[in-house]
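Dear colleague,

Please find the structure below, handed over for your own work. My notes on it come after the display.

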Amino acid sequence: MSKIEEVKSLVETGKSKKVATAVSEALEAGDKAQDILDAMIASMGVVGDKFSSGEIFVPEMLIAAKAMSKGVEVLKPIMAGDGGSSLGTCIMGTVAGDLHDIGKNLVVMMLESAGFDMVDLGVDVPADKFVEAVKENNNVVLVACSGLLTTTMPALKEAVQTIKAAYPNMKVIVGGAPVTQEYADEIGADGYAPDAGSSAAKAKELIGA
């Protein structure tokens with residue numbers, strides 16, 4: 001098994017204590033940091049698919065994400081040295097009236113790993129706070145809004161429309177258990193990710209990365 005395959009397997013199975021060593025060994029063996037990162041993102045994609053299909057649950061997903069973050073810690077200084085590996089800034093928050101943060105935290109990890117500079121506004125974020133965050137941060141290319149309750153769907157709609165009113169060209173991605181592609185289209189979002197596993201690919205697609 002190649003070192004990259006080993007890293008993938010360790011991330012998928014959530015072996016966070018072993019991932020950093022395996023990533024270092026892969027680098028020593030001549031694998032490129034970007035290739036290792038892509039492999040870990042692919043692993044989280046697999047984990048995301050298993051989560052979506054009900055094969056695994058939130059704890060396993062979090063364990064895998066933690067394992068990935070250990071690997072990313074090893075790669076970060078190297079990738080920072082590559083210069084300009086950032087895709088830009090992404091503002092992320094769970095919308096007003098919703099206190100769920102597990103899904104949001106996973107997405108933050110996934111997008112950060114994919115190369116975005118993340119600004120996490122936390123939970124229960126009013127629509128105008130998203131707009132303020134875009135104003136206050138440099139190079140914002142994407143806003144991600146999460147809603148996990150059917151009762152907060154209107155808040156999700158308000159957030160998207162408030163952001164779009166202030167910044168018509170800003171890309172907005174939405175997600176959360178009750179959200180569908182149809183609803184995302186209806187409220188004017190540019191993108192929709194059914195789960196954390198697919199969020200990174202969708203986010204990159206939206207900004208043309």
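The notes below go from the overall fold to salt bridges and then to one residue in a strand.

This is a predicted model, in which local features need pLDDT of at least 70 and side-chain atom pairs count only at pLDDT 80 or more, while totals for chains, interfaces and linings use all residues. Residues are numbered from 1 along each chain as its sequence is written, and side-chain values use heavy atoms, with hydrogens and water left out.

Overall fold

The chain contains 9 helices and 5 strands; these are DSSP runs numbered from the N terminus, with helices being H or I of at least four residues and strands being E of at least two. In sequence order the pattern is α-α-α-α-β-α-β-α-β-α-β-α-β-α. The chain is as compact as a globular protein of its length, because its radius of gyration of 17 Å is close to the 17 Å that the globule rule gives for 209 residues. That radius is taken over C-alpha atoms, and the rule is 2.2 Å times the number of residues to the power 0.38. The C-alpha trace spans about 50 × 40 × 25 Å along its principal axes.

Of the 209 residues, 46% are buried. Buried means under 20% relative accessible area, exposed means over 50%, and partly exposed lies in between (1.4 Å probe, protein chains only). About 9,700 Å² of the chain is exposed, and carbon and sulfur atoms supply 53% of this area; the areas come from the Shrake-Rupley method with a 1.4 Å probe, and for residues only the protein chains shown count as cover.

Contact means heavy atoms within 4.5 Å. Among contacts between residues at least 6 apart in sequence, 71% join residues at least 24 apart.

Salt bridges

A search of the whole structure gives 5 salt bridges, each being a side-chain nitrogen of Lys or Arg within 4 Å of a carboxyl oxygen of Asp or Glu. Lys3, Glu6 and Glu25 are linked in a network of such bridges. Within this network, lysine 3 meets glutamate 6 with an N to O distance of 3.1 Å. The two residues are 3 residues apart in helix H1 (residues 3-12), which means that about one helical turn separates them. Lysine 3 also pairs with glutamate 25, their closest N and O atoms being 2.8 Å apart. Since lysine 3 lies in helix H1 and glutamate 25 in helix H2 (residues 16-28), this pair ties together parts that are 22 residues apart in sequence. Each member of the network is partly exposed: glutamate 6 at 24% relative accessibility, lysine 3 at 26% and glutamate 25 at 30%.

Another salt bridge joins lysine 202 and glutamate 205 at 3.0 Å, N to O. Both residues lie in helix H9 (residues 196-206), 3 residues apart, about one turn of the helix. Glutamate 205 counts as exposed, at 54% relative accessibility.

Serine 146

Serine 146 belongs to strand S3 (residues 140-146). Is serine 146 buried or exposed? Its relative accessibility is 5%, so serine 146 counts as buried. Leaving aside neighbours within four places in sequence, serine 146 is in contact with Met92, Gly93, Thr94, Val95, Leu156 and Gly175.

With kind regards
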